[in-house]
Amino acid sequence: MEIRSLLLLFLLALGTSSQAQIQVIGKVIEFNEKGKTIGVPDANIYWLSSTLGTVTDSLGNFKIPYHNTLRKLVISSVGYRPDTIPVNRPNLGNIVLYTRVVLDEVVVEKEVASLQKSLFKIQNVVSVDSREMLKAACCNLSESFETNPTVDVNISDAVLGAKQIQMLGLNSPYLLFTQENMPSIRGASQVFGLSFIPGSWIDGIQITKGAGTVINGYESISGHINSELVKPLSDKTFFLNLYSNNYERYEFNSRLNQTIGDNLGVGMYMHANLRDGIIDANGDSFLDTPLGHQVNFMNRWQYMNPQSGWVSFATIQYLSDTKKMGQTDFDFKTDKFSNTNWGSEINTSRMDISAKVGYVLPDLPYESYGLQLAYTSHNQDSYYGLSIYDIQHDSFYTNFIFNSIIGSTQHKFKTGINFNYDTFSELVNSTMFHRDDKLIGTFFEYTYDNLEGLSFEAGLRADSHNNLGNFLTPRFHLRYGLWDKASLRASFGRGKRGANIFAENQQFFASSRQIAISERGGNYYGLNPEKAWNYGISFIQKLYLWNRVLDFSIDFYRTHFKDQVIVDWENPRLISFYNLEGTSYSNSLQLDLNYEIFKDLQLRATYKYFHVVSDYATESLEKPLQPSFRIFLNTSYETPKRNEGSQWRFDLTGNWLGRQRLPDTSTNPQQFRLPSHSPAYGLINAQVTKVFSNTFEMYVGGENIGNFTQERPILSNAAPFGSYFDSTIVYGPVLESAYYVGFRYKI
Amino acid sequence: MKKPILFTLLLLFGTVLAHSQEKNKSVSFEVKGNCGMCKNRIETATIKMKGVKFAQWSPETKEFKAIIDERKCSVQDIQKKISEVGHDSDGFTAPEGVYAKLPECCKYRNPETTRMNHGNH
């Protein structure tokens with residue numbers, strides 16, 4: 001090695017001394033339309049500020065005598081951008097010339113990160129765009145949060161395998177989900193609703209921590225997640241995605257959009273999936289992941305006329321979903337309700353119809369009217385072993401919103417009226433439950449901006465509800481710009497809701513636990529509604545560190561329950577529901593650091609700490625199955641885009657979850673007891689995407705690459721009809737590592 | 001005889017004029033400036049004026065748009081205000097002292113500044 005470099009130096013030195021003895025060689029190439037390299041013939045090669053030169057041969061090769069005084073070579077050819085390169089070695093290798101592009105205007109832009117924390121919004125909002133969705137392993141909303149540290153994803157139980165999300169240490173019922181600012185994933189769809197929204201239909205997600213706004217209702221306590229779907233007028237004409245993994249899970253997504261005239265667009269979106277793999281890697285005789293299939297169809301119409309100020313959407317969605325779970329030997333045709341094997345089946349059909357009309361006064365851009373209408377019919381029929389759970393939830397929602405100003409755009413307000421009607425019919429084993437929820441509410445939200453860093457949003461709702469009573473809901477958010485690129489935010493607000501105890505906790509049906517409700521004379525299964533205050537404070541600083549953006553943020557939120565329905569798993573024979581007596585709170589702290597370490601390599605690091613405690617009937621306990629902390633690391637790297645947008649994208653996510661308190665099993669026989677706490681564990685996901693062109697890309701990835709699984713996810717798996725059967729105590733993955741491959745085609 | 005008629009006409013015309021002072025009058029005119037910092041300065045100064053309901057300035061087109069209550073302020077009032085914070089518009093020139101204090105990238109009277117890197121501000 002050393003001898004060779006010495007020789008090279010010697011040769012160079014010789015060339016320098018003897019002038020023009022050494023020949024500099026190289027090859028001039030370009031990328032053709034297919035991205036292949038081809039030689040550029042007849043390109044001019046000459047020494048900078050001289051007339052000494054040559055041309056390339058038919059293959060693009062050239063040879064030119066070395067000049068020690070002329071250090072730089074110019075390579076040029078008609079129709080290409082010329083290049084000047086320093087000559088520091090005898091073989092210059094391949095020199096790429098790019099075609100000269102004639103542009104009216106050159107726009108140099110840096111793409112904003114796919115996950116954005118706003119510096120200026122009053123609320124603490126994280127915006128996630130559709131590019132982030134591509135990093136997620138798969139294809140529905142629940143899985144799209146896996147690269148996002150704000151939201152925690154966990155698995156509901158060992159049998160259903162539904163992914164549940166949490167914010168601020170509180171389960172998803174305390175979160176408000178909206179789809180295009182209309183409530184969704186509520187009531188009957190609380191547990192599975194996230195899997196009913198295909199990831200490829202989502203254009204962006206906004207995650208608001210804390211109390212949220214009064215416009216969408218009074219229910220949100222810990223936060224608000226809004227998902228925006230793709231819109232026919234701005235979406236691609238055609239999109240196709242196929243996905244499959246090593247557990248015989250297949251997904252199909254397609255979107256087709258058509259523009260009719262200037263202002264009208266129509267979209268047809270289709271999603272289908274099939275889970276066909278009978279997997280029992282842990283040998284407990286139960287499926288590690290459910291079997292199932294889903295057909296999901298959406299038709300959207302969008303009308304937009306900027307001249308007249310009218311905007312409108314009409315959407316219809318139909319979904320049919322089947323999940324089959326249980327023992328691998330269970331025969332779904334003959335074994336239903338028999339004692340031979342344990343099995344479970346959940347059939348859901350759902351129809352969503354919604355319309356939105358908005359009018360912005362063309363002369364007064366700050367004044368607008370909006371009307372939202374939605375109707376949903378959700379029907380779930382299911383059995384879990386010998387237990388039956390059916391729910392029919394019909395919902396009608398309407399909201400009218402008026403936006404204007406007081407004096408000037410420094411003082412904005414939103415006001416409106418909201419009417420909801422929900423009916424719930426449930427069959428729990430042999431007991432029928434029926435409830436009607438009727439609501440009329442009005443709201444007013446005032447936003448002030450002093451234009452010098454201080455802004456706040458103060459909202460108040462007054463609602464009249466047949467089961468919750470008449471009540472006020474205040475919400476307040478404030479932002480103050482401390483110094484350059486730094487914001488301090490504070491918020492407080494109250495939320496109130498009636499708990500749908502069966503729909504929200506239906507995993508307990510996959511256990512031998514008996515139901516115990518301590519009735520209080522309330523309107524929700526005899527229980528009183530839940531009420532909580534949420535307070536939060538956050539700080540964000542963005543700065544340029546070595547010319548790259550670094551942002552650092554810290555926030556602390558506390559949710560304090562005035563009343564709560566405690567879901568008590570502490571007696572392994574029972575699931576008890578009762579109203580809180582005493583105190584219940586959740587404290588959560590989050591620290592985030594995002595930085596582009598070097599060009600196109602992004603790092604996100606997060607530390608979260610939780611302290612969630614409730615007074616149970618007997619004692620004060622930490623919330624079960626809640627990690628005490630979580631460390632999240634995500635790195636992503638993108639190669640520079642070449643011709644036709646081709647590039648490589650790499651994404652690696654690591655999670656480390658602190659230990660979790662497990663529900664008490666000490667009264668069980670020895671072999672069915674679990675330790676008091678789970679171990680801490682880590683999960684790694686990775687994905688590589690190869691973009692061939694702007695129209696075609698392929699991806700491969702792995703989930704749970706470290707192959708961590710919970711040791712004994714199901715208690716008494718050998719006797720599922722015995723009194724110790726329990727699949728609800730799940731603190732980690734049941735499924736081993738999964739590997740997937742897929743492609744996306746879009747025009 | 002003729003004088004009263006003329007007087008009435010004048011009066012009528014006057015009331016029409018008075019009525020033509022609109023509550024939501026859209027106005028627009030050109031304001032010199034360069035970048036996002038200029039935008040912020042122009043919009044902040046004007047929206048705080050009595051009678052200005054909406055103010056927007058585009059760095060690309062240099063057009064300033066506003067919606068004003070004509071009973072409370074006029075286009076001249078706005079132009080004067082804009083000149084006081086350093087920006088020229090038709091007939092209103094910013095005082096030298098104010099202009100000199102603008103950040104380098106905002107000194108729109110020097111054509112070189114338009115080529116400066118205005119970054120994200």
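## Pairing in strands 41 to 43

Two strands count as paired if DSSP finds at least two bridges between them. In this predicted model, strand 41 (residues 681-691) of chain A meets that condition with strand 42 of chain A, because six bridges link them in the antiparallel sense. One facing pair is A:T689 and A:Y699, the latter in strand 42 of chain A. The connection is a hairpin: four residues lie between strand 41 and strand 42 of chain A.

Strand 42 of chain A also pairs with strand 43 (residues 738-746) of chain A. These two run antiparallel and are joined by eight bridges. A:F696 has A:Y745, in strand 43 of chain A, as its bridge partner.

## Two faces of strand 42

Strand 42 of chain A covers residues 696-703. Its covered face holds A:E697, A:Y699, A:G701 and A:E703. Its uncovered face holds A:F696, A:M698, A:V700 and A:G702. A:Y699, opposite A:T689, is thus listed on the covered face. A:F696, the bridge partner of A:Y745, is listed on the uncovered face.

## A three-stranded open sheet

Strands 11, 12 and 13 of chain A make an open sheet in the order 11-12-13, with antiparallel pairing. Strand 11 (152-155) and strand 13 (170-171) of chain A each have a single partner strand, so one side of each lacks a neighbour in the sheet. Both stand at the edges.

Four bridges connect strand 11 of chain A to strand 12 (residues 163-167) of chain A, in the antiparallel sense. A:V153 has A:I165, in strand 12 of chain A, as its bridge partner.

Terms used:
Residues are numbered from 1 along each chain as its sequence is written. Chains are lettered from A and ligands numbered from 1 in the order in which they are written. This is a predicted model: local features need pLDDT of at least 70, side-chain atom pairs count only at pLDDT 80 or more; totals for chains, interfaces and linings use all residues. A residue is buried if 20 or more other C-beta atoms lie within 10 Å of its own, exposed if 12 or fewer, and partly exposed in between; C-beta atoms are placed from the backbone.
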